[in-house]
Every structure is written in structure tokens, then in C-alpha cells.
Amino acid sequence: MSLQNSKSANPKVGFVSLGCPKALVDSERILTQLKVEGYDLVPSYDDADVVVVNTCGFIDSAVAESLDAIGEAMAENGKVIVTGCLGKREDVIREAHPGVLSISGPQDYASVMGAVHHALPPRHDPFVDLVPRRAVDTGSDIGVKLTPKHYAYLKISEGCNHRCSFCIIPSMRGDLVSRPVDQVLREAEKLAMGGVKELLVISQDTSAYGVDLRYAEREWRGKAYQTRMKALCEGLSELGLWTRLHYVYPYPHVDDVIPLMAEGRLLPYLDIPFQHASPRILRLMKRPGAVDKTLERIQRWRDTCPEITIRSTFIVGFPGETDAEFESLLDFLEEAQLDRVGAFAYSPVEGAKANDLPDPVPEEVKQERLARFMELQADISTAKLEAKVGTTQRCLVDALDGELAIARSMADAPEIDGLVQIQNGFEAGLRPGEFVDVAIMGSDEHDLYGEVAFED
Ligand code: SF4
């Protein structure tokens, strides 16, 4: 558990946050509301009057981790409120931990707060009661952040209208619900005023943003913006921050934001999961399958914005994947020359439609394919990073570690990509949250190494 200890007489809540950045944003909203209502957030089970566990339920290992976390909180404290994605599978939780006080699904902030109030009534505090209600009501204002001060996740929508056959997110989080663009832009503006230098735009499906609101037009800073990915990016670019797009589903209109990247208004970085390259497997996955067009599009993006970094994820060993289809995936990888790639061996997720598909790939074949896939990508990544040696890269410092400053370039998203180690970072007086130009002197498969580039 995290957060400061408290010696006050306020009721005390412990909080365990698991899962993806979207779950992290949910945690931030709940924590903000708890603080607004006068609860103290404490770092140990012993100090807590009640513990909230925000769970993840995406894959089997995440379910196991969530159940373990609930078990630990039950053993150490005994008063436990469970929320988050695994909350949608109440039977699984009840079977393992029948004594939990309450279970709710993701974004169900009202149920979490209701359960906390029931277990631990808030202390009436005239000062706290004057604080305007925030995170839970509007989902738009700034409160407790679990990320470092200089970057923040900006959640623009919940849920997803797709039905990829390997995924149960729509059944857990529902269909797409977008936040109106003015609300998102106001939140971004406040984050910027609070010292944030980099915004990480997240959702389940960033390119679908606004479709549920029919791209409703809203006003921000005296100008009209549509609730639509491109207009949102244009608005965000007014703030002069680094803005990074994640979870961009490969719709054709993704092409519209590449010129903004070329103009320096948006980070030249696209996190776009392709999942596979075989049209037949993509059809089985219920994903767009025009692979030739994907390669052409990647080329067009690079023509428009040569410095673009493309990150993608893939699944190998999907049910029915033949040797030839796997080879076609390797060919795609070779040709696409993507900068950053994550890959998973397919593992069945309870409730996913793909479980009903015939011809599952044996585990050892899946693992062997994953190893071959990652080996090829390691060579591509190594060569791509090597090509940066001798260049100067704009970086954002995340932390200091002895003599080193640990930073990220425009090509590196926090947690998932590489780092830039600045050898003379301490000597140069760098601080977290500071931008610096770095002369790149070395590289490996993931990271870059360099020194602060001083002007002559
Ligand atoms: S687009 Fe993403 S969240 Fe939506 S169903 Fe497909 S994998 Fe799941």
C-alpha cells in the first residue's frame, strides 16, 4: 500500500491499486473522493480501519494477483471492499474470499463510496464539507494522482464498442462512453497548471472517441471543438505539453492526426495494437484485416512524419494459427520495422468468445513462436536504437539515480518503453520533470545512453 501515514482522528482507509493505467485513473478518482470527504489514506494494513482493493481481471494471472491481494488484505486487516474489473465476477471473489464487505465493478465509484460510508462513516467536518464535490460527480477535476508529478494519464472514455473475440473488456466495462471534449480539455489544463509536462491519453479505444456523443461540439477557451480524436489533439496541443496517444485502434481516420505529429503539436508516437498480420486470424479475432493496407499506411505515416515511433502489440498462437500464418506474421514484422512491440502467447480468458474456436495451438508451440517473434523484434529494436547513436534527443527527466539521470525521449512512454540514461545528469543539476537535450552515445535492445548536450 502507498500514501502517507496519519496521526489524525479521521477515519483511515488503506488502498491497494492493481491493473492497467485505466484502473489507476479509477483509483485516483476514488482516492480523491475519500480525501474530499475527510478520510485519511494510510500506508499499512494495521493503521487502516478498512481497505479498498481495486482489482484487475483481464487475464488469468491478473485474476490470481487480485485474489492474492484481497486475501492478504483479509488476513492483515479483515475489513475489505473490492472494486475494479474483477468485481464483475463476484462469484469468483466470493468463492475465494466470502468475507469481503462489498464488491463492485470498474468505475462504480458510487458503490465504493457507499461501502466505505457503511463500514466507516465520514467524520463531519465543516471545512471538508465546504470543499466542492469533485472527482466522483464529474470525473473531470484533479485530485490525488498516483503517477509522478510531471506526467499524468488523461482518460477520455470508458468501455469499447468492439467485440474482439479474445477480449472480455466490453463485458466488464460496457460500451463506449466518451467524456465531452471540454471536460477533458479542462482537466488537461488543470494538470498543466499543476506542473504536469506530459499527458498520456488513454481509453479502451482512443480513435473511437466521441462516436457515442455524435462528435458533440463543445466550447473551450472561446473556441468550438468537436468531441473527436483529432479535435481533442488540436485542443491539447494548445497547452504546449508532450501529448502521447495510447490504445489507438487502427481506424482509417488515425491518418488525420499524423500531420499534427509532423507539426510538433503532438508527440510523434502512436500506440496502435495490430494483434496479427494474417487476414484469416484477424477475422477470427474480429479485427480489421487489410494487412497490405496496414503496411502502406505505416509507410504513409513515415512519409508524413519521419520521426514517428510506432508501438504495437501482437498475440501469437491464437486458436487455429498455422505455421504459415505465423510465418506471415514474422514477414509483416520484418517489413513493418516497428519501433516498439509487445507480444503475448494467446491464453484463454474466461468468458472470451475465442475460447470456442477449434484447433488450439499447443502450449510448447505457442512459447516457441513467441520466442522467435521476440527474437526478431529484438534485432529490429536494437538496430533502430543503434541508429539514434550520434543524434541529440529531447528528453524528459523522470528520476535521479546516483550520478545518473533517468529520462525518456519522445519515443518512450513511461513503464512500457525504454529509458535514456544520462551519465552526467546529477552533475548537470537535472531534476525530475525537466526537459533536456541529450547527446546519444550508446544503445542496447531497449535503452539509450548519453550525456547532456551543452551548446557550444
Ligand atoms: S478494441 Fe480493445 S478493448 Fe475493445 S474489444 Fe478489442 S481488445 Fe477489447
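**Notebook: strand β9 and the overall fold**

I began with a single pairing and noted that Y151 has E198 of β9 as its bridge partner. I keep in mind throughout that I am reading a predicted model.

I then followed this pairing outward and found that strand β6 (residues 151–155) and β9 run parallel and are joined by 5 bridges. Turning to strand β12 (residues 242–245), I found that β12 and β9 also run parallel, with 4 bridges between them, and that V201 stands opposite L245 in β12.

Next I asked myself: are the residues of strand β9 buried or exposed? I looked up strand β9 (residues 198–202) and found 5 of its 5 residues buried, so the strand is largely enclosed by the rest of the structure. For this step I note that a residue is called buried when its relative accessible area is under 20%.

I also checked which way the side chains of β9 point, and recorded E198, L200 and I202 on one side, with L199 and V201 pointing the other way, every one of them buried. As background for this entry, side chains in a regular strand alternate between the two faces of the sheet.

I moved on to another sheet and asked in what order its strands lie. I read an open sheet of 5 strands, ordered β2-β1-β3-β4-β5, in which the pairing is parallel. Its edge strands are β2 (40–42) and β5 (102–103), each of which pairs on one side only. At the β2 end, I found 3 bridges joining strand β1 (residues 12–17) to β2, the two running parallel, and V13 has L41 in β2 as its bridge partner.

I finished with the protein as a whole, for which I counted 14 helices and 20 strands. Its radius of gyration is 23 Å, close to the 23 Å that the globule rule gives for 456 residues, so I recorded the protein as being as compact as a globular protein of that length. Along the principal axes, the C-alpha trace spans about 65 × 60 × 50 Å.

I looked up burial across the chain and found that buried residues account for 55% of the 456 residues. When I took the contacts between residues at least 6 apart in sequence, 72% of them joined residues at least 24 apart.

For the surface, I noted an exposed area of about 19,800 Å², of which carbon and sulfur atoms supply 51%. Lastly I looked up the charges, 48 positive and 72 negative, and found their mean positions to be 7 Å apart.

Definitions and conventions: Residues are numbered from 1 along each chain as its sequence is written. This is a predicted model: local features need pLDDT of at least 70, side-chain atom pairs count only at pLDDT 80 or more; totals for chains, interfaces and linings use all residues. Side-chain values use heavy atoms; hydrogens and water are left out. The radius of gyration is taken over C-alpha atoms; the globule rule is 2.2 Å times the number of residues to the power 0.38. Buried means under 20% relative accessible area, exposed over 50%, partly exposed in between (1.4 Å probe, protein chains only). Contact means heavy atoms within 4.5 Å. Accessible areas come from the Shrake-Rupley method with a 1.4 Å probe; for residues, only the protein chains shown count as cover. Lys and Arg count as positive and Asp and Glu as negative; His and the chain ends are not counted. The place of a charge is taken as NZ of Lys, CZ of Arg, CG of Asp or CD of Glu. Two strands pair if DSSP finds at least two bridges between them.
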